[in-house]
Amino acid sequence: MIEGVVNDAHEAVVTLSLQGPDGQAQDIEAVIDTGYSGFLTVPTTLAKELDLPFAYIGWALLANDAEVAFDVHDVTVLWDGRPRHVKADAAGSTSLVGMLLLDRHNVSIEVERGGRVLIEARE
């Protein structure tokens, strides 16, 4: 089980540990975003700090119909107590947990400031 909290901006936030290829680790706060269909986004600066291996160029269509390109990297995330190898989109300044990372999990959010956030694997 992964636990988090609803912050003052009413975002459901969890803390995750990311690991780079040389074992360097960093904890991040990531916002759960059910409108994001990928695994994880990380700021470009964090991808560089952890020296995450480049995987490919990704593309996204924004709400204003603009198409943007971004680097996609390989990263290991400690997910529910286990290392999980995923793709991380390097974009923006906020880390996001997407629907692919949440696949086969239940998410419970007490939607109020300081509310509890729970992510539990389905059996």
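Author: Helices (H or I, at least four residues) and strands (E, at least two) are DSSP runs, numbered from the N terminus. By that naming, threonine 41 has its place in strand β4, residues 40–42. The model is a predicted one, in which local features need pLDDT of at least 70 and side-chain atom pairs count only at pLDDT 80 or more, while totals for chains, interfaces and linings use all residues. Residues are numbered from 1 along each chain as its sequence is written, and side-chain values use heavy atoms, with hydrogens and water left out.

Reader: Why does threonine 41 count as buried?

Author: Buried means under 20% relative accessible area, exposed means over 50%, and partly exposed lies in between (1.4 Å probe, protein chains only). Threonine 41 has 7% relative accessibility, and therefore it counts as buried.

Reader: What makes the approach of the side chain of threonine 41 to the backbone nitrogen of leucine 96 a polar contact?

Author: A polar contact is a pair of N or O atoms within 3.5 Å; within protein, one must be able to donate a hydrogen and the other to accept it, and residues adjacent in sequence count only if both atoms are side-chain atoms. The side chain of threonine 41 reaches the backbone nitrogen of leucine 96 at 2.9 Å, so the distance falls within the 3.5 Å limit.

Reader: Which residues does threonine 41 touch, not counting those up to four places away in sequence?

Author: With contact meaning heavy atoms within 4.5 Å, threonine 41 touches Tyr36, Asp89, Ala91, Thr94, Ser95 and Leu96.

Reader: How do you know whether histidine 73 is buried or exposed?

Author: Histidine 73, which has its place in strand β6 (residues 67–79), has 9% relative accessibility and so counts as buried. A polar atom of its side chain lies 3.4 Å from the backbone oxygen of proline 53, and, leaving aside residues up to four places away in sequence, the residues that histidine 73 touches include Leu52, Pro53 and Phe54.

Reader: Why are β2 and β6 said to pair?

Author: Two strands pair if DSSP finds at least two bridges between them. There are 3 bridges between β2 and β6, in the antiparallel sense, so the requirement is met. In β6, threonine 76 is the bridge partner of glutamine 19.

Reader: How many bridges does β2 have with strand β3 (residues 25–32)?

Author: Those two strands pair over 7 bridges, again in the antiparallel sense, and serine 17 stands opposite aspartate 27 in β3. They form a hairpin with 5 residues between them, and glycine 23 in the turn has a positive phi of about 90°.
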